[in-house]
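Got the viewer open and a hand on the mouse? Let's take a walk through this one, stop by stop.

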Amino acid sequence: MASVPAVPAAVPDSYSHVLAELECLDPLLSALRLDSARLKCTCITVSRRWLALGTSGGGLNLIQKDGWKQRLFLTHKEGAISRVACCLHDEDYVAVATSQGLVVVWELNQERRGKPERIYVSSEHKGRKVTALCWDTAALRVFVGDHVGKVSAIKINTSKQGKAAATFVMFPVQIITTVDSRVVQLDYLDGRLLISSLTRTYLCDTERLSRPSFPPLLMWWVL
């Protein structure tokens, strides 16, 4: 392994990240097979099982972290991949946002050794820039935020949920709220959705959304 050069004491403002190669990355680079002259990596996320990289050509590379051997490649005709999020409680699901503002949810079908398939495509944020994706911590639900502050939720229905779900009922997209500016981060736990904008942080009670007489926002803080 090549030695890692020391990081200068004063890092210029133009640098936002410092990368260190702690082990040989040749197997990973070989698995990715990216042509750096043609394709660019546009986003990245990791889970217990996957390293996921989106590209400017609309491809999503999923590399199994254990040995970097298994590789899935998902393609999209809706533009470059701008955001990707793996479902942490069931890693057979992954959500991606494209440069056109569409959100696509994939079922990888790894348990059944089948081919990955698109099970939901949301156009709720079409024409906007999706800036944040977040999965529910228990259910198959994806929260989406965009550059004008709109936040929505996509509920997924799959054959894994029993025979009654075998027809793949498409639930309508649920609008959570619209905040004051660009959504920069979403996080979710136990019925509470944390939404961060450029100027405020909001705490939203997603359980109240089924009761229209109750506002979903519990509180907000000025940053």
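Before we click anything, one term: a residue is buried when its relative accessible area is under 20%, exposed when that area is over 50%, and partly exposed in between, with a 1.4 Å probe and protein chains only. You're looking at a predicted model, where local features need pLDDT of at least 70 and side-chain atom pairs count only at pLDDT 80 or more, while totals for chains, interfaces and linings use all residues. Residues are numbered from 1 along each chain as its sequence is written, and side-chain values use heavy atoms, with hydrogens and water left out.

**Stop 1: β7**

Select residues 103-107, which is strand β7. Strands here are DSSP runs of E with at least two residues, numbered from the N terminus. How many residues of β7 are buried? The count is 5 of the 5, so β7 is largely enclosed by the rest of the structure. Turn the strand around and you'll find cover on both faces: V103, V105 and E107 are buried on one side, V104 and W106 on the other.

Now bring in the neighbours. Two strands pair if DSSP finds at least two bridges between them. Strand β6 (93-98) runs antiparallel to β7, joined to it by 5 bridges. Click V96 and look across: V104 of β7 stands opposite. The two strands make a hairpin with 4 residues between them, and G101 in that turn has a positive phi of about 90°. For the other partner, select β8 (117-122): β7 and β8 are antiparallel too, with 5 bridges joining them. Here W106 faces R118 in β8.

**Stop 2: the sheet from β9 to β12**

Next, colour β9, β10, β11 and β12. In that order they form an open sheet of 4 strands with antiparallel pairing. Which strands are at the edges? They are β9 (130-135) and β12 (174-178), each pairing on one side only. Neighbouring strands in this sheet are turned by 20° against each other on average, direction ignored; the angle is taken between lines fitted to C-alpha atoms.

Zoom in on β9 and β10 (residues 141-146), which pair in the antiparallel sense over 5 bridges. W135 is the one to click, since V142 in β10 stands opposite.

**Stop 3: two nonpolar cores**

Show side chains for V105, L133, W135 and V142. These have the most contacts inside the largest nonpolar core, which has 17 residues. (A nonpolar core is a set of buried Ala, Val, Leu, Ile, Met, Phe, Trp, Tyr and Cys residues joined through side-chain atoms within 4.5 Å.) The elements giving two or more residues to this core are β6, β7, β8, β9 and β10.

Keep L133 selected and ask the viewer for its surroundings, counting a contact as heavy atoms within 4.5 Å. Leaving aside neighbours within four places in sequence, L133 touches residues including R83, V84, A95, V103 and F143.

Then switch to W50, A52, L60 and W106. They are among the members of a second, separate core of 15 residues.

**Stop 4: salt bridges**

The structure holds 7 salt bridges, each a side-chain nitrogen of Lys or Arg within 4 Å of a carboxyl oxygen of Asp or Glu. Let's visit three.

Start with E91 and R48, whose side chains meet at 3.6 Å, N to O. E91 sits in the loop between β5 (81-86) and β6, while R48 is in the loop between β1 and β2 (50-55), 43 residues apart. E91 is buried at 14% relative accessibility, but R48 is exposed at 62%.

Move on to D146 and R128, with 3.3 Å from N to O. This pair also links distant parts of the chain: D146 is in β10 and R128 in the loop between β8 and β9, 18 residues apart. Is D146 buried or exposed? Buried, at 0% relative accessibility; R128 is partly exposed at 30%.

Last of the three is R200 with D180, where the closest N and O atoms are 3.4 Å apart. R200 lies in strand β15 (residues 200-205) and D180 in the loop between β12 and β13 (185-189), so the pair ties together parts 20 residues apart in sequence. Both are partly exposed, R200 at 25% and D180 at 38%.

**Stop 5: C41**

Finish at C41, in strand β1 (residues 41-46). C41 is partly exposed, at 45% relative accessibility. Draw a distance to A80: C-alpha to C-alpha, the two are 9.5 Å apart in space and 39 residues apart in sequence.

Definitions and conventions:
Axes fitted to C-alpha atoms, helices over the stretch in contact; angles between N-to-C directions.
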